[in-house]
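Grab a pencil and open your viewer. Here is a set of short exercises on one protein model, each with a worked solution to check yourself against.

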Amino acid sequence: MARSFSASVRHVTLALFVLQLALLPMMAIASDADPEQDFCVGDSNNSTIVNGLVCKNPAEVKANDFKFSGLATPGNTNNPLGSNVTAAFAAEFPGINTLGISMARLDFAKGGLVPPHTHPRATEIIFVVEALNSQNPGTQIQAVALFNSKINEVVLEKAFGLGEKAVQHIESTVEAANLVN
């Protein structure tokens, strides 16, 4: 009796394992649903709140909804960071609404920077026209990449709004923590 019970348990366990394997591909291909329309030009005048902009009535769509010239104009970099970001999201460029696309133009004065940041649930692609190479391409540990690198301390002070002593303290803490290989 005990032997047939353990055999039954093994069969049930095997069946559950096979079921999990069968369901795994469905989880791997899960994604957002495809849009129900070929395009959804954003209507920034509509006050309805949704994730994105409400679609404009197709009869009211104009060619200008698919044109945005704001990225052609250099931005004002006369600010403490020495940089300017000109966004091209659906509010500025209604034709890209619901396409999962956003664009931006970044302008830098000499010594300008964009503070370290993230874009949760988003992708950032940068097309550089003219610049210097990255300080630490491929680095994964941000504390080491920033505070134990060849990045000038003045740049770190400016990017994080820290004083010289604070940057030096963080640098010594990172080094003391043996985060450096």
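The exercises below run from covalent links to ring pairs, charged pairs and helix packing. Keep in mind that this is a predicted model.

**Exercise 1. The disulfide**

Find out how many disulfides there are, then work out the handedness of the link between cysteine 40 and cysteine 55.

Solution.
- Step 1: Look for cysteine sulfur atoms within 2.5 Å of each other. The search gives 1 disulfide.
- Step 2: Cysteine 40 and cysteine 55 make the bond, with 1.8 Å between their sulfur atoms.
- Step 3: Place the two partners. Both cysteine 40 and cysteine 55 sit in the loop between helix H1 (2-28) and S1, so the bond ties together parts 15 residues apart in sequence.
- Step 4: Turn to the torsion. The angle about the S-S bond is -110°, and the link is left-handed.
- Step 5: Check the surroundings. Cysteine 40 has a relative accessibility of 5% and counts as buried, while cysteine 55, at 30%, is partly exposed.

**Exercise 2. Two ring pairs**

Classify the aromatic pairs in the model, and say which parts of the chain each one links.

Solution.
- Step 1: Count them. There are 2 aromatic pairs.
- Step 2: Take phenylalanine 68 and phenylalanine 93. Their ring centres are 5.8 Å apart and their planes meet at 20°, so this pair is stacked; the cut-off for stacking is planes under 30 degrees apart.
- Step 3: Locate these rings. Phenylalanine 68 is in the loop between H1 and S1, and phenylalanine 93 is in the loop between S1 and strand S2 (103-108), so to speak a link between distant parts of the chain, 25 residues apart.
- Step 4: Compare exposure. Phenylalanine 68 is partly exposed at 25% relative accessible area, whereas phenylalanine 93 is buried at 12%.
- Step 5: Now the other pair. Phenylalanine 147 and phenylalanine 160 are 5.5 Å apart centre to centre, with 35° between the planes, and that pair is tilted.
- Step 6: Place this pair too. Phenylalanine 147 belongs to helix H2 (residues 142-147) and phenylalanine 160 to helix H3 (residues 153-160), so the rings tie together parts 13 residues apart in sequence.
- Step 7: Finish with accessibility. Phenylalanine 147 is buried at 9%, and phenylalanine 160 is partly exposed at 34%.

**Exercise 3. What else does phenylalanine 160 touch?**

List the contacts of phenylalanine 160, leaving aside its neighbours within four places in sequence.

Solution.
- Step 1: With those neighbours set aside, phenylalanine 160 is in contact with Pro116, Leu146 and Phe147.
- Step 2: Pick proline 116 from that list. Phenylalanine 160 and proline 116 are 44 residues apart in sequence, and their C-alpha atoms are 8.1 Å apart in space.

**Exercise 4. Salt bridges and a strand residue**

Find the salt bridges, then see which residues serine 83 touches.

Solution.
- Step 1: The structure has 2 salt bridges.
- Step 2: Aspartate 65 pairs with lysine 56, their closest N and O atoms lying 3.0 Å apart. Both aspartate 65 and lysine 56 are buried.
- Step 3: Aspartate 107 pairs with arginine 105 at 2.9 Å, N to O. Here aspartate 107 is buried at 12% relative accessibility, but arginine 105 is partly exposed at 23%.
- Step 4: Move to serine 83, in strand S1 (residues 83-88). Serine 83 is buried, with 10% relative accessibility.
- Step 5: Setting aside residues up to four places away in sequence, serine 83 touches Asn76, Thr77, Asp107, Phe108, Leu113 and Val114. Asp107 is thus a salt-bridge partner and also a contact of serine 83.

**Exercise 5. The faces of H4**

Test the length of helix H4 (residues 164-176) against its expected span, then sort its residues into buried and exposed.

Solution.
- Step 1: At 1.5 Å a residue, the 13 residues of H4 should span 18 Å, and the end C-alpha atoms are 18 Å apart, which agrees.
- Step 2: Val167, Glu171 and Val174 are buried in H4.
- Step 3: Look down the axis. The buried residues of H4 fall within an arc of 65°, so they line one face of the helix.
- Step 4: Lys165, His169 and Ala176 are exposed on the other side of H4.
- Step 5: Ask what the buried residues of H4 meet: they pack against H2 and H3.

Technical notes
Residues numbered from 1 in each chain as written. Predicted model: local features only at pLDDT ≥ 70, side-chain atom pairs only at ≥ 80, totals over all residues. Heavy atoms only, no water. Helix = DSSP H or I, 4+ residues; strand = E, 2+ residues; numbered from the N terminus. Buried < 20%, exposed > 50% of the residue type's maximum accessible area, 1.4 Å probe, protein only. Contact = heavy atoms within 4.5 Å. Phe/Tyr/Trp six-rings, centres within 6.5 Å; stacked < 30°, edge-to-face > 60°. Salt bridge = Lys/Arg side-chain N within 4 Å of Asp/Glu carboxyl O. Expected span 1.5 Å × (residues − 1). Arc of directions from axis to C-beta.
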